[in-house]
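Let's take a walk through this model together, beginning with one residue and working outward to the whole chain. Have the structure open and turn it as you read.

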Amino acid sequence: MSIDRRSGCPINLSLEVFGDRWSLIILRDMIFGGRRHFRELLNGSLEGIASNILADRLKRLMELGLLTKADDPSHKQKAIYSLTEMAITLVPIMAQLGAWGRVWLPVTEELSIRAELLEKGGPPLWEQFMDELRHEHLGAPSKTPPGTPTVRQQLRAAYEEVVAQKAEAVTA
């Protein structure tokens, strides 16, 4: 990992890794959205990242040890990106960022419901989610009992429920 070190302060060093908006958005989309291909990351983000910026940030995140890249076994011309353990352990930080944003920033209900559930679920839910990400990205054995919804599925269902309620309220 090559970081331009201005100091040995852990906050400074962390900001040197995540100091641009796109790196955290890419990691968010991979962690919470399950996006693992370039096209999915390019087209699936609400924020609209440019392809050259995405390519640059993916390369940087790989150089920093947060992502790996491999050929996609399902398609010869595609690559699949995976989170490393270093990236997976960002789940509690992402949960805390979401919790802070819900309190202090003008969030929308549908886009903040996942942050609310992560906040309420706390460390046990974060641990479960990280275990699921380890299974998905690193091939670790799954600790989630078969037939049990994953954390990502629970978060997606909550989002879809809020969206449906808002749509129903508009048509009522």
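## Arg-152 and its partner

Arg-152 is buried in this predicted model, and its relative accessible area is 14%. That value falls under the 20% cut-off used for buried residues. Its side chain meets that of Glu-136 in a salt bridge, with 3.0 Å from N to O. Glu-136 sits in helix H7 and Arg-152 in helix H8, so this pair ties together parts that are 16 residues apart in sequence. What about the cover on the acidic partner: is Glu-136 buried or partly exposed? With a relative accessible area of 29%, Glu-136 is partly exposed.

## A second link between H7 and H8

Helix H8, which covers residues 151-171, also offers Lys-166 for a salt bridge with Glu-110. Here the closest N and O atoms are 3.3 Å apart. Which helix holds Glu-110? Glu-110 belongs to helix H7, so the pair joins parts that are 56 residues apart in sequence. Lys-166 counts as partly exposed, at 36% relative accessibility.

## From H7 back to H6

Helix H7 has a salt bridge partner in helix H6 too: Glu-116 of H7 and Arg-102 of H6 tie together parts that are 14 residues apart in sequence. Their side chains meet at 3.8 Å, N to O. That distance still satisfies the salt bridge criterion, because a side-chain nitrogen of Lys or Arg has to be within 4 Å of a carboxyl oxygen of Asp or Glu. Both residues are partly exposed, Glu-116 with a relative accessible area of 22% and Arg-102 with 28%.

## The wider set of salt bridges

How many salt bridges does a search of the whole structure find? The search finds 13. Some of them share partners: Arg-28, Asp-29, Arg-35 and Glu-47 are joined in this way into one network.

## A nonpolar patch on the surface

Let's turn from charges to nonpolar side chains. Trp-100, Val-103, Trp-104, Leu-105 and Val-107 make a nonpolar surface patch of about 570 Å². One of these residues, Val-107, is found in the loop between helix H6 (91-104) and helix H7 (109-138). Val-107 is partly exposed, and its relative accessible area is 43%. This value allows Val-107 into the patch as far as accessibility goes, because patch residues need over 30% relative accessible area.

## The whole chain

Stepping back, the protein has eight helices and two strands. In which order do the elements run from the N terminus on? They follow the pattern α-α-α-α-β-β-α-α-α-α.

An unreviewed UniProt entry annotates residues 9-109 as "domain: HTH hxlR-type". In the model this span is 60% helix and 10% strand, and its end C-alpha atoms lie 36 Å apart.

## Size, packing and surface

The C-alpha trace spans about 55 × 40 × 35 Å along its principal axes. The radius of gyration is 17 Å, which agrees with the value near 16 Å that a compact globule of 172 residues would have.

Of the 172 residues, 37% count as buried. Among contacts with a separation of 6 or more, 53% come from residues 24 or more positions apart. The accessible surface comes to about 10400 Å², and carbon and sulfur atoms account for 57% of it.

Conventions: Residues are numbered from 1 along each chain as its sequence is written. This is a predicted model: local features need pLDDT of at least 70, side-chain atom pairs count only at pLDDT 80 or more; totals for chains, interfaces and linings use all residues. Side-chain values use heavy atoms; hydrogens and water are left out. Patches are made of residues with over 30% relative accessible area and no salt bridge: like charges are joined within 9 Å, nonpolar side chains (Val, Leu, Ile, Met, Phe, Trp, Tyr) within 5 Å. Accessible areas come from the Shrake-Rupley method with a 1.4 Å probe; for residues, only the protein chains shown count as cover. Helices (H or I, at least four residues) and strands (E, at least two) are DSSP runs, numbered from the N terminus. Buried means under 20% relative accessible area, exposed over 50%, partly exposed in between (1.4 Å probe, protein chains only). The radius of gyration is taken over C-alpha atoms; the globule rule is 2.2 Å times the number of residues to the power 0.38. Contact means heavy atoms within 4.5 Å. UniProt positions are given in the numbering used here, feature names are shortened, and annotations may be inferred rather than shown by experiment.
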